[in-house]
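Thanks for coming. I have one structure for today, and I will go through two parts of it. Here it is on the screen.

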Amino acid sequence: MGSLFRSEEMALCQLFLQSEAAYACVSELGELGLVQFRDLNPDVNAFQRKFVNEVRRCDEMERKLRYLEKEIKKDGIPMLDTGESPEAPQPREMIDLEATFEKLENELREVNQNAEALKRNFLELTELKHILRKTQVFFDEQEGGVNQTTESMTRALITDEARTTGASMGPVQLGFVAGVILRERLPAFERMLWRACRGNVFLRQAMIETPLEDPTNGDQVHKSVFIIFFQGDQLKTRVKKICEGFRATLYPCPEAPADRREMAMGVMTRIEDLNTVLGQTQDHRHRVLVAAAKNLKNWFVKVRKIKAIYHTLNLFNLDVTQKCLIAECWVPLLDFETIQLALRRGTERSGSSVPPILNRMQTFENPPTYNRTNKFTKAFQALIDAYGVASYREMNPAPYTIITFPFLFAVMFGDLGHGAIMALFGLWMIRKEKGLAAQKTDNEIWNIFFGGRYIIFLMGVFSMYTGLIYNDIFSKSLNIFGSHWHMSYNKSTVMDNKFLQLSPKVDYEGAPYPFGMDPIWQVASANKIIFHNAYKMKISIIFGVIHMIFGVVMSWHNHTYFRNRISLIYEFIPQLVFLLLLFFYMVLLMFIKWIKFAATNDKPYSEACAPSILITFIDMVLFNTPKPPPENCETYMFFGQHVIQVLFVLVAVGCIPVMLLAKPLLIMQARKQANVQPIAGATSDAETGGVSNGGSHGGGGGHEEEEELSEIFIHQSIHTIEYVLGSVSHTASYLRLWALSLAHAQLAEVLWTMVLSIGLKQEGPVGGIVLTCVFAFWAILTVGILVLMEGLSAFLHTLRLHWVEFQSKFYKGQGYAFQPFSFDAIIENGAAAAEE
C-alpha cells in the first residue's frame, strides 16, 4: 500500500560472495531485477579491472553475432524468436559458444569470399561475352561492304606526316582495343579520348541492355561496350592510360572471326559452369544461415547476460585473501527475503559451501526512488517521471493522476462521438496487447501510442462521460429524456431564424433535464454559446481551485511523514488558509449565485439582480464599495458578506508574512540557542522532497550541510512569492479547460455545417453517391483534426495543468531513479541499440 502513494523503502546493503559463487549469484539477481549495485572502483580504469578479459571476449562474440545477423537479414531469412529468455550460461560454456561462433564466422566468410570471387569471374565472362557479341557487329559492317566508311575512317586516322609521304607507304594497319565502362562515365570518356588523342581515334560503343551485378556490394550497374581504333603504339599507350583512368575494363578481342567465334563458345561454356558452381555456393550459404537463424536470438540473450554479469562483477571489490568479492547495493526492504533466496539458489548452483552474506548498512546518502508499477500504472508513472523523478519517499502523484488526468482531458475534449473513437482505439490496443508487443517496430509514434494505451482508453471513456454531460455528439445532441422547454414557434421559425434565443423566464416549464444539457439549446443560435460559455468557464474555475487545494493537502502528507513541524505549521497552514479564503470563497460565491438567483425568481433574487462574481471578487480584494444595485435588488448575496470578505482578505494577507518570515526566523533563533545543526525539517526548500535529518527511512537519510541564513531567507522569499502570485496565475490557467472545450465544440459544429450537411441536403441516387464521398471526407477530417490534433492539444494542456498547477504545490521531483541490475532491461536496451 505504501509503495503506491510513496516510493519503496530502500536499504543500502553490503554483499559478501565467495569468488566461485559470485557469477551464479549475480546471475540470479539479474533474473530477479531488484538490486542496484554501486561502483566500488570509481577510480579504476575500465581496462584495469579484474574481469576485463571476459568482457572483451563477450564483445568479440557479440561482434560475430552481429555479423551473422547482418548476413541473415541480407538474405531475408526469418529469425526464430520463441519469446523465452534462456538462463545465463556457466563460465565454462563460454568456450563452446566462442568455438561455435568462430566456426560459423569462418565458414561464412570463406563462403562469401568464394562467392565474391566466382561472381567476379562471372562478371568478367559476361562482359567478355557482350564484347565479342557487340564487336562482331562492328566487324561485320566492315566486311559487309561498307568500304567507303572504312576508308574514310582510315584516312581520318592517318597523320599529316603520313599523308605527305603516303606514296612510299604500304597499306595502313589499324590497331584496336575493346572493353567495358560504366554508362554514366561514357560521355566524359569520349571527350577525353578526343582531346588527348587530338581526334586521331575512332570510338564505337553500344549499351549492354541488361544490368550487371557488382560482386563487391551486390548493386545493379549499367555498362556499355566500346571499341577504339587507332594507329601506332604511341596512341595505343595513351588510349590504355585513359581507359585505366576511367576504370574501364579492357578485354582481349581476336581480329579473326573464327577466333572470336571460338572464344565466344568457350566463354559460354565457362559461364554455364560458373552458374552451376554459384548455385551450389549460394545453397550452402543459405543452409548455414538458416541453421544459425534458429538460435541467433537465444545466442544474443546468452552473450548479453554473460557480458552484463562480468560488467557487474567489475563493480565489486576483492578482499585481501582474493577469495571473496564485496559489493554494495540498494535493495527494496519488501524484497529483502526474495533477494536472499535468489542468493541461496545461486550458491547452490555453483556448488559452493560458503553462504553469501547480505548486511544492511547505515548511511546518510539519499536512496534511489523506486515506484513499483504494473502494465496499467506504468504509463501514468512515466508521465510523472518525465517532469522529474520523485525524491525518496516523497508523495507520488501517479495514483491520483490516474483519475484527474483523463478527467481534466475530458473536460476539454468532451464529445460522446470523439470519445468513443478514442476509447475504441485504446480498447483495441489493450485487447491485442500481447500480439502488438511481440511485433517490435522502430516507429516511435506507434510505440508512444501503444505505451499509453491505458491512458488513451481512459481519456476516451471520460470524454464520453463529459460528452453526455455537455449532450454533445459530433456537435449534435441526444434527446433521451425529453426537453422540459415549451415554445410556441413553428418549424420554419426554428430552422430559419438565425437570432432565435431561449428565455428561461418565458419558455421553461417543469423540472430540469435529468442528466446533462437540455438538447433544446441546439436551436438557440443566438444565446447558445453565451450559455455554454458561462457554464464551462465557471466549472473550469471550480475544478481548478479544487485541484490546487488537493495539491496543497498533499504537501501536508510530506510534512507529517518527514516530521517537518516548522514547515507544517508555518507553510502548509498559511498556504491552505490563503487559498481557501480567497479562491475557494470565490467558488462558494458561484454556488450561492446558482442557488439563490434564477430567471423565475422575483426581486431581489431574480436574474436581473444577480451580481458579477468577478466584479465582486475584485471589489473584495481592493476593499471597494460595490456599485449600487438595480432598483429593488440586494447589494450582497448573503447577510454579513462585506464583513466576512474584509476579514477573509485581512487574514489571507496576514498569511503572506507568516510564510515569508516565520520559518527563517525560527531557524535563526534555534541556531543561536543551540549552536548546532539545523533542527529537523528546517533546512532548505528541498525538505518536502528529501529525507529529514531526524532519521533514516529504509536505510537512508538525507544529510544536508547547514545552510546559510541568507540563502534560507532568499529561498523562502522565492517560495512565498511563487506561491502567492502562482495562486492567481494558476487559477486563471485552468480557464484553458473552458477555452479548449469551446474550441473543440465549435470545430465539430463547423465540420458538420460546412461538410456533412452538404451531403445530407442532396436527394435521389446522386445524393447517395455525394453523401458517401462527403461522409468519407468528413470522417477523415474528424479523425485527423478533432480526434488526433485536438486530442494532442488537450493532452499537452492537461499535462501542463498537472506538472505546473497541481504538482508545484507539493512535488519537488529532485530524486534519482532506481535502476536495478535486470537482464530484461539490458536485453531490451541491447536489442533496441542493435536495431538502430
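The largest cavity holds about 200 Å³ of space. Keep in mind that this is a predicted model. The count comes to five cavities of 30 Å³ or more.

What lines the largest cavity? There are 19 lining residues, and those nearest the centre are Asp472, Gln522, Lys528, His532 and Ala745. By type, the lining divides into seven nonpolar, seven polar and five charged residues. Two helices, H20 (528-561) and H25 (736-760), each supply at least two of the lining residues.

Now the second part, a sheet. It is an open sheet of four strands with antiparallel pairing, in the order S4-S7-S3-S8. Why is one side of S4 and of S8 left without a neighbour in the sheet? Strand S4 (202-207) and strand S8 (249-251) stand at the edges and have a single partner strand each, so one side of each has no neighbour there. On average, neighbouring strands are turned by 25 degrees against each other, direction ignored.

Look at the S8 edge. S8 runs antiparallel to S3 (residues 175-182), and three bridges join the two. Valine 180 has threonine 249 in S8 as its bridge partner.

Two helices lie across this sheet. Helix H7, residues 186-196, lies across S3, S4 and S7 (223-230), at about 10 degrees to S7. Helix H8, residues 233-245, lies across S3, S7 and S8, and its angle to S7 is about 165 degrees.

That is what I have.

Terms used
Residues are numbered from 1 along each chain as its sequence is written. This is a predicted model: local features need pLDDT of at least 70, side-chain atom pairs count only at pLDDT 80 or more; totals for chains, interfaces and linings use all residues. Side-chain values use heavy atoms; hydrogens and water are left out. Two strands pair if DSSP finds at least two bridges between them. Axes are lines fitted to C-alpha atoms, for helices over the stretch in contact, and angles run from 0 to 180 degrees between N-to-C directions. Contact means heavy atoms within 4.5 Å. On a 1 Å grid over the protein atoms alone, a cavity is a set of points where a 1.4 Å probe fits but cannot get out, and a pocket is an open set with protein on both sides within 12 Å along at least five of seven lines; lining residues have an atom within 4 Å of a point. Grid points are joined across faces, edges and corners, and a volume is the space filled by probe spheres set on the points. Ala, Val, Leu, Ile, Met, Phe, Trp, Tyr, Cys and Pro count as nonpolar, Asp, Glu, Lys and Arg as charged, and the others, Gly among them, as polar.
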